[in-house]
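I opened my notebook to write down what I looked up in this structure, one entry at a time.

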Amino acid sequence: MAEHRLSEILHSAMGLSMIAMIWPWGAAVPTAVWIVVFMLSTGWFLVQAARTSRRRAVPAFFATATGTMVWMGASIHGHASPGGHGGMDMAGMRHAPVGCAGWVSALLGGYLVLAAFWWVGRGVHLAGLSAATTTDAVARPLDWSALLHGVMSAGMGIALLAMA
C-alpha cells in the first residue's frame, strides 16, 4: 500500500513539474533538481518493474516516462527565452542537436505517443468491447487514471517530437 502511495506521489510530482516547466515560475527550480528527482523516480519504477512477477509493462512504462523527463531536462538548454519565459520553456525550447540526440528524442517521442493510445484504450476498456454488448460497455466506468496517463504520455511524446 505504501509503495502504491509513493508511486502516485511520484506521478503527481511529474505532472506538476511538467506544468511548472512551461511557465516562468518553473525557473525557480534549477535544472539539476529536476534531473535528480526524475533519476530517483526512474530508479523507483525500475525496482518496481523488477520486483513484480506479473504486469511489468506498467512500471516499466513509468520508468521510461520518468527517464524521458531526465532526457528532456538534460536536452533543453534554454533557461530564459527572448519572450521572458523562464524555466524549460517548452514553447521556445531549442531543438536537440542533429544526430544521435535528435534520434533519441524522436524515438522516445514516438514511443510515448504510441503508449498514449494504449493507455487511452485501457481507460475506455476497448479490449472488452468486442465481446461485450452495448449495455455492458456503458455500464463500465472509465478508468480515469489510465486516461490521464494517456494524456501525459501524449503530451510528453509530442514535446519530444518537437525537440527532435
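**Notebook entries**

I began with burial, and in this predicted model I found that 38% of the 164 residues of the chain count as buried. I then looked up the helices and strands, and I noted six helices and zero strands. For contacts between residues at least 6 apart in sequence, I wrote down that 71% join residues at least 24 apart.

Next I turned to helix 4, residues 100-123, where I checked the length: at 1.5 Å a residue its 24 residues should span 34 Å, and the end C-alpha atoms are 34 Å apart, which agrees. I listed its buried residues, among them Ala 101, Leu 112 and Trp 119, and I noted that helix 3 (57-75) and helix 6 (144-163) are included in what covers the buried residues of helix 4. Just after helix 4, I saw that His 125 takes a positive phi of about 60 degrees.

My last entries concern aromatic rings, for which a search of the whole structure gave seven pairs. One of them joins Phe 61 and Tyr 111, a tilted pair at 6.3 Å centre to centre with 45 degrees between the planes. Phe 61 lies in helix 3 and Tyr 111 in helix 4, so this pair ties together parts that are 50 residues apart in sequence. I looked up both partners and found Phe 61 buried, with a relative accessible area of 3%, while Tyr 111 is partly exposed at 33% relative accessibility.

I also noted Trp 118 and Trp 119, whose ring centres are 4.8 Å apart with the planes at 75 degrees, so the pair is edge-to-face. Trp 118 counts as partly exposed at 45% relative accessibility, whereas Trp 119 counts as buried at 3%.

Notes: Residues numbered from 1 in each chain as written. Predicted model: local features only at pLDDT ≥ 70, side-chain atom pairs only at ≥ 80, totals over all residues. Heavy atoms only, no water. Helix = DSSP H or I, 4+ residues; strand = E, 2+ residues; numbered from the N terminus. Expected span 1.5 Å × (residues − 1). Buried < 20%, exposed > 50% of the residue type's maximum accessible area, 1.4 Å probe, protein only. Contact = heavy atoms within 4.5 Å. Phe/Tyr/Trp six-rings, centres within 6.5 Å; stacked < 30°, edge-to-face > 60°.
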